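These notebook entries record what I looked up in the structure, entry by entry.

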Amino acid sequence: MSIYATLWEIQVRRRHFFDNQWVRVCAQSVPPHIGHPSNYPDGDPYSDFLPPVVADYDPETGEAPYNRAVVIVQEGREQKDGQRYVDPLMILSGEKYSRITFKELLDRIHKGVGWDESVVAMYLAPNGEKKIIRRDEE
């Protein structure tokens, strides 16, 4: 069973704002009860790769002001070792995620998406047509 729940998915340009290839990015939330002492009396098994548990989580009602974490993951980089994502774009505490602006989040996603090494140039024709020039894949 996974500790994650998908919040949303978007597609962003592969890395270049002029690129015509897209990559899927999703946000995976970790609910506030994950790792909480009331549910994990032997200790938090996720503390080495997730932000601290949500202190204001109420185990009787299941209510908390935030999720424990939100992990942003890129398609092709969603490999996991157990429950830990091996190469996420970013991991935010639930509180930080609730306060980040969409623009800041999108800027951070753009910076985190891997550079497409096959792109070497863009040609802009006189008629305005764009052409991405990539080196041949071997």
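**Entry 1: surface patch and hairpin**

I looked for nonpolar surface in this predicted model. I found that Val120, Tyr123 and Ile133 form a nonpolar patch on the surface, with a combined accessible area of about 280 Å². I placed Val120 in strand β7, which covers residues 119–124. I then checked its cover: Val120 is exposed, its relative accessible area being 53%. The cut-off for exposed is over 50%, so the value of 53% puts Val120 in that class.

I next asked how β7 is paired. Five bridges connect β7 with strand β8 (residues 130–134), and the two run antiparallel. One pair that I noted is Met122 with its bridge partner Ile132 in β8. I recorded β7 and β8 as a hairpin with five residues between the strands. In the turn, Gly128 has a positive phi of about 95°.

**Entry 2: the open sheet**

I traced the order of the four-stranded sheet. The sheet is open, with strands in the order β1-β2-β3-β6 and antiparallel pairing. Its edge strands are β1 (5–13) and β6 (90–93), each of which pairs on one side only. From one strand to the next, the twist averages 20°.

I then followed the contact between β6 and its partner. Strand β3 (residues 69–74) is joined to β6 by four bridges, and the two strands run antiparallel. Within this pairing I noted that Ile72 has Met90 as its bridge partner in β6. I also noted that Val70 stands opposite Leu92 in β6.

I looked for a helix against this sheet. Helix α2 (residues 102–112) packs on the sheet and touches β1, β2 (22–30), β3 and β6. The direction of helix α2 makes about 65° with that of β1.

Which side chains of β6 are buried, and which are not? I found that Met90 and Leu92 point to one face and are buried. Ile91 and Ser93 point to the other face and are not buried. In general, side chains in a regular strand alternate between the two faces of the sheet.

**Entry 3: salt bridges**

I counted the salt bridges and obtained eight. One of them joins Asp44 to Arg68, with the closest N and O atoms 2.6 Å apart. I placed both residues in the loop between β2 and β3, so the pair ties together parts that are 24 residues apart in sequence.

Are the two partners buried or exposed? Asp44 is partly exposed, with a relative accessible area of 21%. Arg68 is buried, with a relative accessible area of 1%. The cut-off for buried is under 20%, so Arg68 at 1% falls below it, whereas Asp44 at 21% does not.

I recorded a salt bridge between Asp81 and Arg84, for which the closest N and O atoms are 3.6 Å apart. Arg84 is partly exposed at a relative accessible area of 30%.

I also looked up the pair Glu104 and Lys96, a salt bridge with its closest N and O atoms 3.8 Å apart. Both partners were checked for cover: Glu104 is partly exposed at 32% relative accessible area, and Lys96 is partly exposed at 37%. I then searched for salt bridges that share partners, and found that they join Glu9, Arg24 and Glu78 into one network.

**Entry 4: Lys80 and Gln83**

I located Lys80 in strand β4 (residues 80–81). Its relative accessibility is 36%, and Lys80 therefore counts as partly exposed. Leaving out residues up to four places away in sequence, I found that Lys80 touches Ser2, Tyr4, Tyr85 and Val86.

I placed Gln83 in the loop between β4 and β5 (84–85). At 19% relative accessibility, Gln83 counts as buried. The limit for buried is under 20%, so the value of 19% for Gln83 satisfies it.

What does Gln83 contact, apart from its neighbours within four places in sequence? I listed Met1, Ser2, Ile3, Tyr4, Tyr46 and Phe49. Ser2 and Tyr4 appear in this list for Gln83, and I had also noted both as contacts of Lys80.

Key:
Residues numbered from 1 in each chain as written. Predicted model: local features only at pLDDT ≥ 70, side-chain atom pairs only at ≥ 80, totals over all residues. Heavy atoms only, no water. Patch = residues over 30% accessible without salt bridge, like charges linked within 9 Å, V, L, I, M, F, W, Y side chains within 5 Å. Areas by Shrake-Rupley, 256 points an atom, 1.4 Å probe, with all protein chains shown as cover. Salt bridge = Lys/Arg side-chain N within 4 Å of Asp/Glu carboxyl O. Buried < 20%, exposed > 50% of the residue type's maximum accessible area, 1.4 Å probe, protein only. Pairing = 2+ DSSP bridges. Axes fitted to C-alpha atoms, helices over the stretch in contact; angles between N-to-C directions. Contact = heavy atoms within 4.5 Å.
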